[in-house]
Amino acid sequence: MALESIRYRRGSLSVLNQRLLPERLRYERVDGAERAWEAINGMEVRGAPAIALVACLSLALELAAGAGADAGDGTGGGGDGEAGAGVAALEAFVEQRLRFLLSARPTAVNLSREAERLRERLRGWSRSPGITAPELRERIIEHIEGLLAKDREDNESIGTHGARHILSRVPAGAAVTVLTHCNTGSLATAGYGTALGIVRALHAQARLRRVLCTETRPYNQGSRLTAFELLHDRIPVTLIADSAAAAAMREHGVDAVVVGADRVAANGDTANKIGTFQLAVAARHHRVPFYVAAPSSSCDPALASGDQIPIEERPGQELTHLQGLCLAPPGIDVWNPAFDVTPHDLITGGIVTEWGVVPPGDLGRALADRAAGGQ
Ligand code: MRU
């Protein structure tokens, strides 16, 4: 059975505490937005899609428990008095919770895109003539619950498109070696994964020779999570130190580097886990195609370039300490950005979305076309 990072049914949410992996497999209950914020900020849950899902589901949980009903559960639809007040109170509550949840981590854009989509829907629903607050509440919950299946479907499409593109560049029937960074699999999403979705699709077609997975210092999402996830799913994987990546490209015949994304700007510049940029530089040197696997919800059409992406800096202790063990002299000055930006011209394979593989230079137009078509 595949690993699940998120377990949800109406009224109940728990997350796999990824800080304890690979030693312990422990699910923790999330009883609302405050606990979800803590789990996201403290990286018990991480990965751009999983962050968005857990945040939104925590809101659904609160709504299912009746939160946001302070001003009564009357009728909305632009109605007046007490009746409209129930709908207005619910809207205000959702807005307040979204703002709070959005403050947990700044770089991944998925949550703010989902928040924007929810606000838009909410505006439409609350104007429907005669809508009551309980009806509105139910629509919001159902909308959020639908995100889980959508994320998994998008990942499967990314897997199919990415695998096809990579295989189109190698001799017919050849198996490929892929290098990946951080964790982009079931643990980072609702299931299947983005970059690891491509790996899974290659493996399912018996066209994957091996995955090289970087340890991904400083927080070791590669060695603690990706290595664990791939071993669990019996996918052939070799763990390498981050500093071995260029040598691996020279000596292991890497056919593609495939990474995920926390935010892709309109020009294709991509923020992803720190160390991604240097992998892209090494890939260019070795003429290895470099792919970013990102659902459209990880793309930010509002940002013209990667210069505008906010980059989270994490506490220095995540670099100086490893599972409580001190690796650096006390008092040392530390710079610990969680992400870096890979310029679009280094993304030589393409950006793999659920719609297909897009050259980075075409991403802005592709996003605008989809938005114009209402998708
Ligand atoms: O700090 P993290 O572990 O949340 O960083 C995760 C990454 O950088 C992933 O590559 C990205 O979120 C994509 S996950 C499908």
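**A walk through the structure, starting at the ligand**

Of the 18 residues around the ligand, those that come nearest are R46, A48, D262, N272 and K273. The model in which they sit is a predicted one, and every distance below is computed from its atoms. Three polar contacts show how the protein meets the oxygen atoms of the ligand. A48 takes part through its backbone, where an N or O atom lies 2.9 Å from an oxygen atom of the ligand. Q221 uses its side chain instead, with a polar atom 2.9 Å from a ligand oxygen. K273 also uses its side chain, and here the distance between an N or O atom and an oxygen of the ligand is 2.7 Å. On its own the ligand has 410 Å² of accessible area, and the protein covers 100% of that area.

Next, look at helix α1, which spans residues 33-41. Its buried residues are A33, R35, A36, A39 and I40. Why do these residues lie on the same side of α1? They cover an arc of only 160° around the axis, and this puts them on the same side of the helix. The spacing of such residues follows from the geometry of helices. An α-helix has 3.6 residues a turn, so residues three or four places apart point the same way.

Past the end of the helix comes a loop. G42 lies in this loop, between α1 and α2, the latter covering residues 48-64. With a relative accessibility of 14%, G42 counts as buried, because the limit for a buried residue is under 20%. G42 can also be compared with a residue far along the chain: V334 is 292 residues away in sequence, while the two C-alpha atoms are 19 Å apart in space. Just after α1, M43 takes a positive phi of about 65°.

The strands come next. Strand β4 runs over residues 176-180, and 5 of its 5 residues are buried. V176, V178 and T180 point one way from β4, whereas T177 and L179 point the other way. Behind this pattern is a general rule. In a regular strand the side chains alternate between the two faces of the sheet.

β4 is joined to two strands described here, β5 and β7. With β5, which covers residues 208-214, β4 shares 5 bridges, and the two strands run parallel. V176 has L208 as its bridge partner in β5. With β7, β4 shares 3 bridges, again in a parallel arrangement. V178 has A256 as its bridge partner in β7.

Strand β7, residues 256-259, shows the alternating pattern as well: A256 and V258 point one way, V257 and V259 the other, and all are buried. From β7 one can step on to β10, residues 290-293, through 3 bridges between parallel strands. In this pair V259 stands opposite V292.

Back at β5, the chain continues into a loop that leads to α7, residues 221-232, and T216 is found in this loop. T216 is buried, with a relative accessible area of 0%. A polar atom of the T216 side chain lies 3.1 Å from the backbone oxygen of T214.

A further sheet has 4 strands. This sheet is open, has mixed pairing, and follows the order β11-β8-β9-β14. Which strands stand at its edges? They are β11 (299-300) and β14 (339-342); each has a single partner strand, so one side of each is left without a neighbour in the sheet. The partner of β11 is β8, residues 263-265, joined to it by 2 bridges and running parallel. In β11, D300 is the bridge partner of A265.

The last topic is the cysteines. How many disulfides does the structure hold? The count is 0. A disulfide needs two cysteine sulfur atoms within 2.5 Å. For C182, the closest cysteine sulfur is that of C213, at 10.0 Å, which is too far for a bond. Seen from C213, the closest cysteine sulfur is the one in C182, at 10.0 Å, again too far for a bond. Both cysteines are covered by protein to the point of being buried: C182 has a relative accessible area of 9%, and C213 has one of 1%.

Terms used: Residues are numbered from 1 along each chain as its sequence is written. This is a predicted model: local features need pLDDT of at least 70, side-chain atom pairs count only at pLDDT 80 or more; totals for chains, interfaces and linings use all residues. Side-chain values use heavy atoms; hydrogens and water are left out. Buried means under 20% relative accessible area, exposed over 50%, partly exposed in between (1.4 Å probe, protein chains only). The arc is that of the directions from the helix axis to the C-beta atoms. A residue is near a molecule or strand if one of its heavy atoms lies within 4 Å of it. A polar contact is a pair of N or O atoms within 3.5 Å; within protein, one must be able to donate a hydrogen and the other to accept it, and residues adjacent in sequence count only if both atoms are side-chain atoms. Accessible areas come from the Shrake-Rupley method with a 1.4 Å probe; for residues, only the protein chains shown count as cover. Two strands pair if DSSP finds at least two bridges between them.
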